[in-house]
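Got the viewer open and the cartoon loaded? Let's take a short walk, one selection at a time.

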Amino acid sequence: MKYISTRGQTEKMNFSDVLLMGLAPDGGLMLPESYPQIDGATLDKWRDLSYPELAFEIMRLFATDIDETDLKDIIERTYTAEVFGSDDIVPVRKLKDDLYVLGLSNGPTLAFKDVAMQFLGNAFEYVLKQKGKRLTIIGATSGDTGSAAEYALRGKENIEVFMMSPHGKMSEFQRAQMYSLTDANIHNIAIKGMFDDCQDIVKALQQDADFKAKYSLGTVNSINWGRILAQIVYYFKGYFAATENNDEKVSFCVPSGNFGNICAGHIAREMGLPIDRLIVATNENDVLNDFFNEGKYTPRPADKTYVTSSPSMDISKASNFERFVYLLLDKDSKRVSELFDGVKAGKGFDLSDVLDAVNNRYGFAAGKSTHQDRLNTIKAVYETYNDLVDPHTADGIKVAQELQKEGEVIICAETALPVKFSETIFEAVGEIEIERPEHTKDIESLEQHVTVLENDASIVANEIKAVVAPV
């Protein structure tokens with residue numbers, strides 16, 4: 001399988017090359033030339049596989065330049081009960097007959113991003129060793145990507161990690177998870193600004209071709225294709241867990257900010273997984289909600305992005321969105337380039353003329369949730385089902401119930417464990433004891449290591465130069 005850029009100006013590449021990249025050299029995002037098609041007989045064969053077995057069957061279709069024995073080894077080392085708490089890896093739990101939660105938060109940092117990031121850490125190390133290269137990871141996080149990346153990459157050979165987060169905008173638990181790490185290859189940077197500012201710095205450094213080559217820049221943000229690939233697997237696993245045969249359809253509702261998680265669901269649907277609808281749940285930062293309901297994409301500047309109680313979704317520029325728009329516009333690279341160059345310049349775009357295809361051909365729907373909605377949903381789920389969910393998952397459940405059609409089965413993708421957002425949980429249900437894994441107890445009391453910098457890409461570049469020797 002070969003990979004191409006959404007902007008059409010990058011040579012075709014193999015999986016292992018794309019894995020180490022962030023943005024394509026032409027500023028676009030890499031994706032396969034076409035998505036593999038899965039028939040009913042294959043779905044039948046896959047239905048009863050273990051999680052590592054299923055991951056191998058799916059990933060081998062995309063990572064065709066990695067020796068299959070090695071790929072199987074990477075996957076089997078990644079998806080273990082020791083790391084994820086059970087052999088299910090992503091257990092599905094039923095709230096009621098037509099509403100399920102896909103448990104994605106059982107990894108080391110208690111967030112869905114561990115599922116992809118643990119794979120990425122092992123895959124990076126393998127590919128770098130094969131190529132005799134090193135990698136400088138630059139990333140931006142609104143809360144969970146940073147810790148998931150750092151826990152996956154800590155102590156890995158030939159990898160340095162520089163992770164930017166918005167200064168003072170994450171929960172106490174999230175800050176403690178990241179900033180308490182003492183591994184020599186982990187460097188935390190708090191930017192005076194919002195998440196979108198951090199993301200813009202990542203893009204600026206990625207688009208500086210000389211700097212990128214000189215310091216071997218890569219990324220683990222959701223634009224990384226390896227992360228998307230690893231996430232595709234759990235849509236298949238969730239579908240199999242909630243159905244008895246392939247004649248049944250389900251919908252997925254996914255709390256969304258950067259459009260990476262639901263992009264993986266979209267690809268699973270394109271591959272032939274029987275998904276009815278893909279429901280995008282946003283918080284008050286409702287740019288994606290507006291697009292999927294009206295066809296208009298209007299990113300807000302960082303200073304107009306709301307700080308909310310579901311902070312991992314406090315994003316107004318969805319960096320993965322371009323992969324879907326590319327397909328929506330029949331792979332018209334020239335038009336995609338024009339639209340997203342406009343976004344970079346602060347403009348939006350209007351695709352309301354193809355809204356019917358968005359909603360029907362591609363199955364997208366969307367809704368939004370507010371702080372009060374989150375509190376109400378956390379309380380209702382706790383009292384009705386004796387199930388405690390975090391604020392982002394509450395956004396998903398609220399939107400799922402609001403948009404659910406008669407007879408529709410919806411699986412809500414869990415974002416994180418509730419202990420990461422205890423303040424909001426206490427506001428919703430009172431001062432209860434929130435369960436937390438042993439390795440996270442008293443984490444907030446550990447010494448923290450972080451460098452606070454102004455919102456300036458050149459200052460971050462100097463921070464990297466001070467640590468990493470040029471090639």
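When this tour says helix or strand, take these as DSSP runs, at least four residues for a helix and at least two for a strand, numbered from the N terminus. Keep in mind that you are looking at a predicted model.

**Stop 1: the annotated stretches.** Select residues 95-310, where an unreviewed UniProt entry places the feature "domain: Tryptophan synthase beta chain-like PALP". Helix makes up 43% of this stretch and strand 20%. Put a distance on its end C-alpha atoms and you should get 21 Å. Now switch to residues 2-79, which UniProt (unreviewed entry) labels "domain: Threonine synthase N-terminal". Here the chain is 41% helix and 8% strand, with the end C-alpha atoms 26 Å apart.

**Stop 2: Arg7.** Stay with the 2-79 selection and zoom in on the loop between strand E1 (3-5) and helix H1 (15-19), where Arg7 is found. Is Arg7 buried or exposed? Arg7 counts as buried because its relative accessibility is 10%, and the cut-off for buried is under 20%. Show side chains and look for Asp341: its side chain makes a polar contact with that of Arg7, at 3.3 Å. Leaving out residues up to four places away in sequence, Arg7 also touches several others, among them Asp26, Gly27, Gly28, Glu322 and Phe340.

**Stop 3: a pair of strands.** Next, select strand E13 (residues 364-368). How many of its five residues are buried? Four are, so the strand counts as mostly covered, with buried meaning under 20% relative accessible area. Add strand E10 (residues 275-282) to the selection: E10 and E13 run parallel, paired over five bridges. For one bridge to pick out, click Leu278, whose partner in E13 is Phe364. While you have side chains on, remember that in a regular strand they alternate between the two faces of the sheet.

**Stop 4: the two assigned domains.** Zoom out and colour by the domain assignment: domain 1 is 3-113 + 224-424, and domain 2 is 134-215 + 443-467. Their C-alpha centres lie 23 Å apart. Domain 1 brings 28 residues to the contact and domain 2 brings 23. Between them, about 2,200 Å² is buried, and carbon and sulfur atoms give 54% of that area. Which three residues of domain 1 should you highlight last? Pick Leu23, Thr109 and Lys420, which supply 25% of the area that domain 1 buries against domain 2, more than any other three residues.

Note on methods
Residues are numbered from 1 along each chain as its sequence is written. This is a predicted model: local features need pLDDT of at least 70, side-chain atom pairs count only at pLDDT 80 or more; totals for chains, interfaces and linings use all residues. Side-chain values use heavy atoms; hydrogens and water are left out. Buried means under 20% relative accessible area, exposed over 50%, partly exposed in between (1.4 Å probe, protein chains only). Two strands pair if DSSP finds at least two bridges between them. UniProt positions are given in the numbering used here, feature names are shortened, and annotations may be inferred rather than shown by experiment. A polar contact is a pair of N or O atoms within 3.5 Å; within protein, one must be able to donate a hydrogen and the other to accept it, and residues adjacent in sequence count only if both atoms are side-chain atoms. Contact means heavy atoms within 4.5 Å. Domain bounds come from an automatic or database domain assignment. Buried area is the accessible area (1.4 Å probe) that two parts lose on being put together, summed over both.
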